[in-house]
Amino acid sequence: MGHSLKKEILRKLLHLTEVPLLVAYSFFRYYWSERAAIIALTACLLVLLEIEYIRLEVKPKIPKMFNLFRAREKNNVTGMVFFIAATIIAFGAFDYEIALLALLMTVFGDLVSALVGIKFGKHRLFRKKTWEGFLSGLFMNLIVGYLMFPAIPTLFVSMAVVASVVELMTNKLDDNITVPLFAGFTGQMFVYFLSIPLTGFPGPLSGIFTLLSP
């Protein structure tokens with residue numbers, strides 16, 4: 001248990017590099033254009049695919065201390081590839097705020113769910129997932145949602161629930177692509193059918209680029 005927890009912590013620390021990726025996209029989008037930001041993301045995806053090609057096809061020897069791959073990733077692409085692909089799709093298909101929230105829930109909800117589940121999970125819920133991991137991930141998703149849209153609980157609660165349930169149910173597919181797309185689609189449908197003006201409900205994270213503007 002201790003070894004698996006340590007390995008999972010290292011994996012999740014690596015996955016936190018997805019947050020700077022989202023920040024970089026936001027800067028590109030704000031200072032240049034959405035198209036430029038999408039192109040930059042696509043370039044990142046192509047670079048990562050080249051790295052994965054070398055790892056899977058050339059098969060260089062990877063030092064044990066850097067071998068953080070799960071069993072299914074040793075002969076397949078890693079979750080980062082799916083996350084960047086999902087990021088491109090989400091920002092291209094959904095409103096910026098909806099896509100960003102769905103992707104942040106993917107990062108932080110999965111992180112908390114996995115670590116709490118491994119360390120404290122005792123009550124099995126579904127396959128290897130536990131109640132402790134599921135509820136902690138849901139709680140984190142609600143926190144992230146509140147920070148984004150504190151005045152629209154219907155929106156962020158629905159996205160948090162969908163993100164957590166999809167993460168729970170995903171097994172053979174990769175939750176780095178299922179969670180953000182299902183959560184983002186749910187949020188986008190709420191925005192459309194309830195005619196929610198996203199810009200009318202600024203949260204604590206809004207205005208950051210205004211403060212950074214020259």
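For these entries I count Ala, Val, Leu, Ile, Met, Phe, Trp, Tyr, Cys and Pro as nonpolar, Asp, Glu, Lys and Arg as charged, and the others, Gly among them, as polar.

I am working on a predicted model, in which local features need pLDDT of at least 70 and side-chain atom pairs count only at pLDDT 80 or more, while totals for chains, interfaces and linings use all residues. Residues are numbered from 1 along each chain as its sequence is written, and side-chain values use heavy atoms, with hydrogens and water left out.

**Entry 1, cavities.** I looked for enclosed space and found three cavities of 30 Å³ or more, a cavity being a set of points on a 1 Å grid over the protein atoms alone where a 1.4 Å probe fits but cannot get out. The largest cavity holds about 100 Å³ of space, a volume being the space filled by probe spheres set on the points, which are joined across faces, edges and corners. I noted that 14 residues line the largest cavity, and that Gly109, Asp110, Asn141, Ala163 and Glu167 are the closest to its centre; a lining residue has an atom within 4 Å of a point. By class I recorded four nonpolar, seven polar and three charged residues in this lining.

I then asked which helices supply the lining, taking helices as DSSP runs (H or I, at least four residues) numbered from the N terminus. Helix 5 (96-120), helix 6 (131-148), helix 7 (153-169) and helix 8 (175-194) each give at least two residues, and helix 5 has the largest share, with five.

**Entry 2, helix 5 with helix 6.** The axes, which are lines fitted to C-alpha atoms over the stretch in contact, with angles running from 0 to 180 degrees between N-to-C directions, come within 7 Å for this pair and cross at roughly 150°. That makes helix 5 roughly antiparallel to helix 6, the term being used for angles over 145 degrees. I listed the residues that meet (heavy atoms within 4.5 Å), among them Phe108, Gly109 and Val112 in helix 5 and Met140, Asn141 and Val144 in helix 6. This contact divides into twelve nonpolar, eight polar and two charged residues.

**Entry 3, helix 4 with helix 8.** I looked up helix 4 (residues 79-93) and found that it packs on helix 8 at an angle of about 20°, with the axes 7 Å apart. The two helices are therefore roughly parallel to each other, as angles under 35 degrees are counted. Gly79, Phe82, Phe83, Ala86, Ile89 and Ala90 of helix 4 make the contact with Asn176, Ile177, Pro180 and Leu181 of helix 8, and I recorded eight nonpolar, two polar and no charged residues there.

Key
1 Å grid on protein atoms, 1.4 Å probe; cavity = no way out; pocket = protein on both sides within 12 Å on 5 of 7 lines; lining within 4 Å. Parallel < 35°, antiparallel > 145°, perpendicular 65-115°, else oblique.
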